[in-house]
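Work through the exercises below with the sequence and the model open. Try each task before reading its solution.

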Amino acid sequence: MRTLHLKVLRDLARLRGQAAAIALVIASGVLTLVFSVMGHDALSLTQERFYAERHFADVFAEVNRAPRRIADPLREIPGVAEVEPRVRAPARLELDGFDDPIRGQVLSLPDGRQPALNQLHLREGRLPERARSDEVVVSDGFAEAHGLVAGDTLRLIIGGRLVEVRVSGIALSPEFVYQVSPGHLMPDYERYAILWMNESALAAAWGMEGAFNSLSVSLQRDADRAAVIDALDVALARYGSTGAHGRDELFSHEFVTLEIQQLGIMAVVVPAIFLLVSAFLLHVVMGRIIRGQRDQIAILKAFGYGNLAIAWHYVLLTTLIVLTGSVAGIALGAWTAHALVDLYMEYFRFPELNFRLQGWLVLLAVGVAMVAALLGTLQAVWQAVRMQPAEAMRPPAPERFRRGWLEGSALMRGLGQSSRIILRNLARHRLKALASVIGIGLSGGLLLIGAYQLQAVGHMIDQQYRVTLQMDVDEPMGTGAYIRRDALHRLKGEGPAVTGAWLLVDSEYEDALYASLSEQPEVASVERVREAEANVREYMEETVLAFAAVFVLLAGSIAFAVTYNNARIAYAERERELATLEVLGYSRAQVSWVLLGEIALVSLAAIPVAWASGTGFAWLLNQALTLEFVRLPFIITPQLYGFAALGIIVASTLSGLLILRRLRGLDRVQALKAAE
Amino acid sequence: MNAIPAPAAGFGRREVIFHASGVTRVYLMGEVTIRALRGVDLEVYAGELVVMLGASGSGKSTLLNIMGGLDTASEGEVRYRDQDLAQASERTLTAFRRDHVGFVFQFYNLIASLTARENVAIVTEISRDPMPPEEALALVGLEDRMDHFPSQLSGGEQQRVAIARAIAKQPAVLLCDEPTGALDSQTGIRVLEVLAHINERLNTTVAIITHNAVIGEMADRVIHLRDGRVDSIEENPQRADPATLRW
C-alpha cells in the first residue's frame, strides 16, 4: 500500500491548482465559522469573566437622597445577596491644554477600599488613600485620550465648587465597559470622564453626608429579580426613586450585550450559509475530479486492488485536501477573529481579552467540510468501481446525443459547428451544467450578501441621522419611542416641562453656541449631530464593516475557486475532443471558443442564480439581525446586483485566461494517443 | 462453430489452463448494441505462448478481457483451471486478477505520477509471492531507468515497464492486448523478445492479441478470430525467434 500512498501525494502535486482551489473553498467556509464563533465567544467570555471577577451588580436604583441607615435593612429582602449604597454626582472637569468642556460623573468608593459590588480593575496606580479627599481614580478611556498617568492633576467642579485633585489610579469598571455620556450613542473619551473618589470627600462636596443617592444590589442564585425590584421600589419610593432596574437597562451592559448578541447571530447565519455553499461545491468538484480518474481506478482494479482499497485511496486524497483547507481556515479564522475583537476593544473597555479556540468548533468545521467532500468523493468512486474494469478502460462510448427541441430552432441553425458543440454539450450534461450554474451562482450570492452588509450599514446611518431627525420615519437605531408631549406629562405626573431639544443652528454661530451651552450647569449634555454621525459611522466601519469586508473577500475567493475548477474540469473532459478539432484543421481561436464559450455560457446563466440566492441570504440575515437596538434596512439596490454579476464575470474571465494558457500548451498528439 | 482441436502431437498431455465454451458478450456502445462475442469455444494450455489474431472488431480484446476477469461473459462458460469465471463475484474476480493474471495494454496504462519502480511496486505490494520490482525491471532490460517517470521514457520503455509490472507478481498467465500496437517495428520486436523470454524463462502462459499476422510466427499456436468467433487454430511446429520477424 505504500506505493498507493505515494500516488496520493503525487496526485496531489499534479492536481495542485484544483486542490488549492478546493482547499480555498474549505478554508473560506471554515474561516467564516471560526472567525464568527471565536469573535463572539471571546467577547461574551470576556464580559462574563470581567463581570464575575469584579462583582458586577444585578440591580441598580437611583434616589434623590436616602439616609445611609436604610441600606442595611435592604439586605433582608429575600433574594438579595449584597447591597452597596454610594454617592453619584455630576461634575465638570478642566484640564490644562484642552479647551473643550469636559463632563463627567463621580462615584463614591468606601474610603480607602474597593466596594463590595462593581469593583474597579486598576490598570495603573492605586485607590485613593483612606484619609485623602483630593485623590481620584479616572476611567481608562479618558486617561488614554488625554495621556493622563497616576500623579497628574486636574480640576474638578462638583456642585459649583472647584477642587484640584490628583490622579491616584486609572481603572476599568464593569459598569462602564461602554462609556458614553447620557443621551449619547458613541463614546467621546476626550469630553466625558468617569471618576471615583472616597465617599466622605464626595458626600461632603455633593451635600450627601450620611446619605446615598445610588444603590447597587447583587442577587442570590435563583433569586426572583422582579420581586426584589418590586421590594426595592416600595422601600425607596419615599426617597425619590426613579425605579430600580436590572443591569439590562444599564446602557453599557445593554449595548455590549446587544453587540455580542448580534455577533452571535452572525456567527450562526453567515457561516451556515458559507459552509452550506462550500459543502455543495466540494461535493460537486470532488466528484468531478474523481470521475476524471476513471481510467486509473480501472487499472488499479485490473491489478487486483479491491474496491475498499481504491475507495480508501481517494478518501485519503480528499482528506489531505480537506485538512489543508481546514488548518488554513482555522488559523486564518483565529487570526481575523483576534483582529475583530481588537477592534471592539477600542470601544469596549475590558481589562483583558479571553480568547480561546474550542475543540467542538474545530471538530464541527472540519467535520462539515469532511462530510461534504467525502460524499462527493465516495459517490464518484462508487460509480467508477461499479464499472467493469474493461469498460472503464475503453474510451467512453460516444455519448447519447439526441436531436431535441433546440435542434430545429433558428438559434441552432444560425450557429457554427463549434457553437453547436457547446450547446449540445450543455444540453447533454444537463445535471452537470446545472450543478456548475448553481455552484457559481451560490458563490455570487455570497458576494451579494457581503456587499449587502456593507451597504445596509451605510444606509442605516443615513436613515438615522439624515431622515429620522425629521421625526417622521422609523428609527433604525436605538430604542426610542414617540408620544405626544402632554400625554407624556400626564404619564410622568409632572407639569409642562421639556428635558431636551433639537436645535437647527446657523453654522456660523455653531461653535459659540456649543461653548455657551456647555457652560450652563443645567444642561446635562450637548451633542453635535454631525459629530455623532461621524462617530457612529467610524464605529460601524471599524466593526461591522470589517466583518462584512472579510466576507466579501472570502466570497470572491470562493467564486474564483469554483469557476476555476469548473473550467479546469471542462478542459480535462474536452481535451481529446479539442485536440481532434485541432487536428481536423480548426484554428486555436475556434478550438478555444468551444471551451471558453461553454464557460462563459455557464457563468452567465449563474448570474440570475446569484441574484436570487443572494437576495435570499440577505433576507435571512436581515431577519436574524432585527434586534431591539439596531434594525438593518432590507434594501437590495441595483448596485448590489451589479456587484454580484461583476464578481462572477471577473472570476470567470480570470479562470478562462488561466485555461487559455493551458490550452496553448495542449499536445495534440499526446491527447489523442492517451486512452482517455 | 469449430470443434475444440485435440492436443497436437509433440506437446504430450497438456494441462488446460483456460477453458471457454459458448461465450457471448453483448454490450451497449452509446445507442448501438454490439455483439462482440458470438459463441467462442477455446482452450489455452499451461506454459504455451498463444497469439490471438483478428481484425479490428473481431472480438479479440473482449475475449482477452473476459479471460482476465476484467469483464464478464453475457452467456457461456469460462473457467480458469477449476475456477468458474463466468459466475464469479466481483470479489472473486478481484482476487483472481491479483493472484494469477498479469496484464499488458496497448497504451501501457502506467500511472503517470509513479516512477517505473513504483509502477511495479504498486502491484508487488499486493501480491503473494512477487519478485522484487528491481528484478522484474532487470528482466525487461530497464535496470538503468528504474527511477524515471513514464513521461521520461520512450514508448518501448514504457511498454517494457508495463511488462515488468505484469510479470513481477509471477503470474501464471500474462495477457497482452496489442502490446506492440503503439510502437514502431524495431521497438515492438524488442518488446516481443521480452515476452518470449518471460514465457521460456518463467514458464508463464502468454496470450498476445494482435491484428499483425507476422507476430503469429513466434507463437506455439495462433487462434484466428473473426466476427466474434474462433475462425481457425493453427499450430507452429517451430516457434520463430522474435528477432527474425519483420513487418
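**Exercise 1. A domain record on chain A**

Which residues of chain A does UniProt list for "domain: ABC3 transporter permease C-terminal"?

Solution. The model is a predicted one. The UniProt entry, which is unreviewed, lists residues 269-389 and 550-665 of chain A. Take residues 269-389. This span is 85% helix and 0% strand. Its end C-alpha atoms lie 46 Å apart. Now step back to the chain. Chain A has 22 helices and 11 strands. Of its 676 residues, 42% are buried. Then take contacts between residues at least 6 apart in sequence: in chain A, 84% of them join residues at least 24 apart.

**Exercise 2. The four-stranded sheet of chain A**

Give the strand order of the open sheet and find its edges.

Solution. Begin with the order, β2-β10-β1-β11 in chain A, with antiparallel pairing. Next, the edges. β2 (80-86) and β11 (245-246) of chain A each have a single partner strand, so one side of each lacks a neighbour in the sheet. Then look at one pair in detail. Strand β1 (residues 59-67) of chain A meets strand β10 (residues 211-219) of chain A through six bridges, in the antiparallel sense. A66(A) can serve as a marker: F212(A) in β10(A) is opposite. Finally, add the helix. Helix α6 (residues 225-236) of chain A lies across β1, β2, β10 and β11 of chain A. This helix runs at about 10° to β1(A).

**Exercise 3. A domain record on chain B**

Find the span of "domain: ABC transporter" in chain B and state its helix and strand content.

Solution. UniProt, again in an unreviewed entry, gives residues 18-247 of chain B. Over these residues the chain is 29% helix and 30% strand. The end C-alpha atoms are 30 Å apart.

**Exercise 4. Helix α6 of chain B**

Check the length of helix α6 (residues 185-202) of chain B against the expected span, then place its buried residues.

Solution. First, the length. The helix has 18 residues; at 1.5 Å a residue, the expected span is 26 Å. The end C-alpha atoms are 25 Å apart, which agrees. Second, burial. The buried residues of α6(B) are:

- G188(B), I189(B) and V191(B), among others
- L192(B), V194(B) and L195(B), also among them
- A196(B), I198(B) and N199(B), likewise among them

Third, the partners. These buried residues pack against β3 (49-54), β7 (173-177) and β8 (205-210) of chain B, and also against α4 (133-139) and α5 (155-167) of chain B. Last, the exit. Just after α6(B), N203(B) has a positive phi of about 60°.

Conventions:
Residues are numbered from 1 along each chain as its sequence is written. Chains are lettered from A and ligands numbered from 1 in the order in which they are written. This is a predicted model: local features need pLDDT of at least 70, side-chain atom pairs count only at pLDDT 80 or more; totals for chains, interfaces and linings use all residues. Two strands pair if DSSP finds at least two bridges between them. Helices (H or I, at least four residues) and strands (E, at least two) are DSSP runs, numbered from the N terminus. Two residues are in contact if their C-beta atoms, placed from the backbone, lie within 7 Å. Axes are lines fitted to C-alpha atoms, for helices over the stretch in contact, and angles run from 0 to 180 degrees between N-to-C directions. UniProt positions are given in the numbering used here, feature names are shortened, and annotations may be inferred rather than shown by experiment. A residue is buried if 20 or more other C-beta atoms lie within 10 Å of its own, exposed if 12 or fewer, and partly exposed in between; C-beta atoms are placed from the backbone. The expected span of a helix is 1.5 Å times one less than its number of residues.
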